[in-house]
Amino acid sequence: MNIDGVKTGIVLDHIKAGKSMEIYSLLQLEKLDCSVAIIQNVVSRKYGKKDIIKIDSMIDLDLDILGFIDPNITINKVVDGVLSSKDHLQLPKELVNVIKCQNPRCITSVEREIPHVFYLADKTSGKYLCKYCDVESKQNK
């Protein structure tokens with residue numbers, strides 16, 4: 001299969017296989033007024049299989065969401081057909097309204113307007129805890 005390159009835009013590469021649709025949804029890419037290509041299960045020497053998302057426009061990306069879903073994602077920015085920058089992600093120290101606390105006793109379950117805030121408790125395991133009740137997120141990888 002041959003997928004054309006991006007003339008000016010962003011290529012999200014090295015996405016863990018099967019995670020591209022989650023990224024598409026969380027970043028609300030369906031609301032963009034440009035072409036977005038999702039390529040799944042691409043053969044990769046380094047990862048076995050990976051997903052790729054190509055966005056045919058320069059947009060602001062929520063790096064916290066991307067870093068939480070998969071810190072191995074590479075963000076390639078292309079201008080006039082030439083790679084202008086390549087950024088690597090890491091796990092964000094704090095997540096706001098990306099994941100929700102599942103603890104029924106947490107203040108966020110009662111007070112709906114309070115933001116869901118999680119902090120990175122263990123970088124090695126990717127463990128996030130609720131800021132208010134210290135319950136571990138079940139939405140971790």
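Me: In which strand is His14 found?

Reply: This is a predicted model: local features need pLDDT of at least 70, side-chain atom pairs count only at pLDDT 80 or more, and totals for chains, interfaces and linings use all residues. Residues are numbered from 1 along each chain as its sequence is written, and side-chain values use heavy atoms, with hydrogens and water left out. Helices (H or I, at least four residues) and strands (E, at least two) are DSSP runs, numbered from the N terminus. By that numbering, His14 is found in strand β1.

Me: What is the phi of His14?

Reply: His14 is not a glycine. Its phi is positive all the same, at about 60°.

Me: How many helices and strands does the chain have?

Reply: Read along the sequence, the pattern is β-α-β-β-α-β-β-β-α-β-β. The C-alpha atoms fill a box of roughly 50 × 35 × 25 Å along the principal axes. The count is 3 helices and 8 strands.

Me: What percentage of the residues is buried?

Reply: Buried means under 20% relative accessible area, exposed means over 50%, and partly exposed lies in between (1.4 Å probe, protein chains only). The chain has 141 residues. The buried part of them is 37%.

Me: How many salt bridges are there?

Reply: Side chains of opposite charge can pair when their charged atoms come close. A salt bridge here is a side-chain nitrogen of Lys or Arg within 4 Å of a carboxyl oxygen of Asp or Glu. By this rule the count is 2.

Me: How many residues apart in sequence are the parts tied together by Lys50 and Asp13?

Reply: The side chains of Lys50 and Asp13 form a salt bridge, 3.0 Å from N to O. Lys50 is in strand β3 (residues 48-55) and Asp13 in strand β1 (residues 9-16), so the pair ties together two parts of the chain. Both Lys50 and Asp13 are buried. The separation in sequence of the parts they join is 37 residues.

Me: Why does Lys19 count as partly exposed?

Reply: Lys19 meets Glu22 in a salt bridge, 3.3 Å from N to O. Glu22 is partly exposed, because its relative accessibility is 34%. Lys19 is partly exposed too, because its relative accessible area is 23%.

Me: Which residues form the aromatic pair?

Reply: Rings of Phe, Tyr and Trp (its six-membered ring) pair if their centres lie within 6.5 Å; planes under 30 degrees apart count as stacked, over 60 as edge-to-face and the rest as tilted. The structure holds 1 such pair. The pair is edge-to-face, with 5.3 Å centre to centre and 80° between the planes. Its members are Phe68 and Tyr128.

Me: How many residues apart in sequence are the parts that Phe68 and Tyr128 tie together?

Reply: Phe68 and Tyr128 are both buried. Phe68 is in helix α2 (residues 63-69) and Tyr128 in strand β8 (residues 127-130), so the pair ties together parts whose separation in sequence is 60 residues.

Me: Which residues form a nonpolar patch on the surface with Ile107?

Reply: Patches are made of residues with over 30% relative accessible area and no salt bridge; like charges are joined within 9 Å, and nonpolar side chains (Val, Leu, Ile, Met, Phe, Trp, Tyr) within 5 Å. Ile107 is in helix α3 (residues 107-110) and is partly exposed, because its relative accessibility is 36%. Accessible areas come from the Shrake-Rupley method with a 1.4 Å probe, and for residues only the protein chains shown count as cover. The patch has about 260 Å² of accessible area together, and Ile107 shares it with Val110 and Tyr132.

Me: With which residues is Ile107 in contact, leaving aside neighbours within four places in sequence?

Reply: Contact means heavy atoms within 4.5 Å. Asp122 is 15 residues from Ile107 in sequence and 23 Å away in space, C-alpha to C-alpha. The contacts of Ile107 beyond its sequence neighbours are Ile114 and Tyr132.

Me: Which residues does UniProt list for the "Aspartate carbamoyltransferase regulatory subunit C-terminal" domain?

Reply: UniProt positions are given in the numbering used here, feature names are shortened, and annotations may be inferred rather than shown by experiment. In the model, the end C-alpha atoms of this span lie 12 Å apart, and the span is 9% helix and 27% strand. The UniProt entry is unreviewed and lists residues 95-139.

Me: Which residues does Glu30 touch, not counting those up to four places away in sequence?

Reply: Glu30 is in the loop between α1 (20-26) and β2 (36-44). Glu30 is partly exposed, because its relative accessible area is 44%. It touches Tyr24 and Ser25.
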